[in-house]
Amino acid sequence: MQFKTILKTLPLLMLASGLASAAHAADVKLGLAAALTGPAAKYGVAIKNGFSLAADEVNAAGGVNGNKLLLVIEDEQGKKEEAINVFKKLIFKDKALLVFGPTLSNSAFAADPIANAAKVVAFGTSNTADGITAMGPFTFRNSVMEADVLPVTTRAAVKHFGIKKVAIIYGNDDAFTKSGYDVFKGTLADQKIPVTTTEAYAKGDVDFKAQLTKIKASNPDAIVCSCLTEEAANIILQTRALGMKQPFIGGNGLNSPKLFDIAKGAGDDTIMGSPWSSENLTPANKAFIAAYKAKFGSDPDQFAAQAYDALHVVAAALKKIKLSGALDKDRIALQQALPAVTIDGATGKFAFRKAPPVTGKEVGYDAQQEAIVNIAKGGKFILLK
Ligand code: LEU
């Protein structure tokens with residue numbers, strides 16, 4: 001071989017050997033698309049941590065059927081275009097057996113069709129909008145949807161504060177905040193709570209004074225907020241600046257400690273639902289919380305808990321199948337093994353249920369889990385008793 005040729009080939013050889021050492025033949029590659037930068041990063045980083053912790057645990061216990069789990073993690077920035085790119089990379093280039101994520105429902109509506117077309121499971125751990133699992137039989141989620149959580153949250157908040165009427169504020173250009181709004185609207189009608197006014201904002205807005213002034217004039221007992229955490233926190237702060245003292249009732253977006261990073265004490269008394277509580281002292285949850293603190297030096301949140309459980313759900317499904325090495329076959333075998341999996345995880349007992357039917361379409365699998373109602377007190381989410 002001529003010297004020139006060797007020089008040309010060398011980087012390729014190095015690349016090939018590098019890949020080989022990072023993932024030996026028996027590794028099971030699982031993709032993770034998470035928002036690790038941008039406004040949704042606080043959710044995405046918690047999700048990544050939950051996955052890493054669970055993968056380390058599974059691997060330390062010998063892996064699944066002798067295979068180690070290898071997480072291939074990509075930043076989808078909380079943007080739909082990036083979620084599409086990252087899904088394509090994980091599915092077609094990295095050849096992941098399954099893809100977890102993306103963080104936001106808004107991105108899942110863009111990216112999951114790629115996974116369904118390629119017959120690869122897309123497993124959402126934080127997607128709570130309606131219709132996610134209607135995208136196809138390869139879409140799974142362990143995130144309890146707004147439709148299951150918000151009626152319970154609303155009922156508890158109405159009782160706790162003696163609420164007679166509410167105002168609503170929501171983001172009208174995000175699939176999750178819009179879906180949460182629709183669910184709140186239906187829930188309030190069902191529970192016979194009049195709405196004094198409904199106000200909307202767009203992604204990235206920072207000044208909510210116009211909407212909040214209208215809400216103030218309508219004199220509600222509480223404010224319902226279908227928002228992601230950053231906007232929710234700013235809305236709460238600006239409400240207080242206008243001299244308004246009403247408590248907030250929120251959806252899944254408010255379950256992040258970022259609420260307190262921004263709103264500080266003004267976040268107190270906000271009520272939100274979740275399948276997870278740090279006060280749930282089951283052995284599985286206690287072990288999760290202790291291991292998370294030891295590894296990351298901070299408290300976990302519900303997004304970390306759901307990611308952690310999702311990895312254990314997939315590990316349980318993998319234990320039931322014998323991987324053949326033929327990727328297409330193995331991806332389908334995993335999709336078929338997942339629906340029957342049940343675990344007792346950080347978020348409690350978990351099972352799947354088939355999504356509501358859609359005519360002429362195969363559907364995926366939702367979470368079958370109860371919602372717990374939390375209230376913010378002193379920078380923490382505590383159980384509403
Ligand atoms: N539940 C939200 C959604 O479906 C995301 C979460 C990270 C707040 O978009």
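Me: How do the residues of the shell around the ligand divide into nonpolar, polar and charged?
Reply: This is a predicted model. In it, the shell holds 6 nonpolar residues, 8 polar ones and no charged one. Asp, Glu, Lys and Arg count as charged, so the shell contains none of these.

Me: Which residues come nearest to the ligand, and what makes a residue part of its surroundings?
Reply: The test is a C-beta atom, placed from the backbone, within 6 Å of the molecule. There are 14 residues around the ligand, and Tyr43, Leu104, Ser105, Thr128 and Phe176 come nearest.

Me: Which domains supply the shell around the ligand?
Reply: Domain 1 (27-144 + 281-370) and domain 2 (147-274) each give at least three residues to the shell.

Me: How far apart are the centres of domain 1 and domain 2, and how many residues are in contact?
Reply: Taken over C-alpha atoms, the centres are separated by 28 Å. A contact needs C-beta atoms within 7 Å, and on that test 15 residues of domain 1 meet 17 residues of domain 2. On the side of domain 1 that touches domain 2, α2, α4 (105-118) and α11 each supply at least two residues. The largest share, 3 residues, comes from α4. That side divides into 8 nonpolar, 4 polar and 3 charged residues.

Me: What describes the packing of α2 against α11?
Reply: Two packed helices are described by the angle between their axes and the distance between the axes. For α2 (residues 41-60) and α11 (residues 302-320), the axes come within 7 Å and cross at roughly 35 degrees. On the α2 side, the contact includes Tyr43, Ala46 and Ile47; on the α11 side, it includes Phe303, Tyr308 and Leu311. The residues of this contact divide into 15 nonpolar, 4 polar and no charged.

Me: Why is the crossing of α2 and α11 called left-handed or right-handed?
Reply: A crossing is right-handed if the near helix is turned clockwise from the far one by less than a right angle. The crossing of α2 and α11 is right-handed, so the turn is clockwise.

Me: Where is Pro102, and is the peptide bond from Gly101 to Pro102 cis or trans?
Reply: Pro102 is in the loop between β3 (98-100) and α4. The bond from Gly101 is cis, with omega near -10 degrees.

Me: What value does phi of Lys119 have, and where is Lys119?
Reply: Phi is near 60 degrees, a positive value in a residue other than glycine. Lys119 lies in the loop between α4 and β4 (121-124).

Me: Which domain feature does UniProt place on the chain, and how much of that stretch is helix and strand?
Reply: The unreviewed UniProt entry places "domain: Leucine-binding protein" at residues 28-354. Over residues 28-354 the chain is 47% helix and 18% strand, and the end C-alpha atoms are 26 Å apart.

Notes. Residues numbered from 1 in each chain as written. Predicted model: local features only at pLDDT ≥ 70, side-chain atom pairs only at ≥ 80, totals over all residues. Domains from an automatic or database assignment. Axes fitted to C-alpha atoms, helices over the stretch in contact; angles between N-to-C directions. Helix = DSSP H or I, 4+ residues; strand = E, 2+ residues; numbered from the N terminus. Contact = placed C-beta atoms within 7 Å. UniProt positions renumbered as here; feature names shortened; annotations may be inferred.
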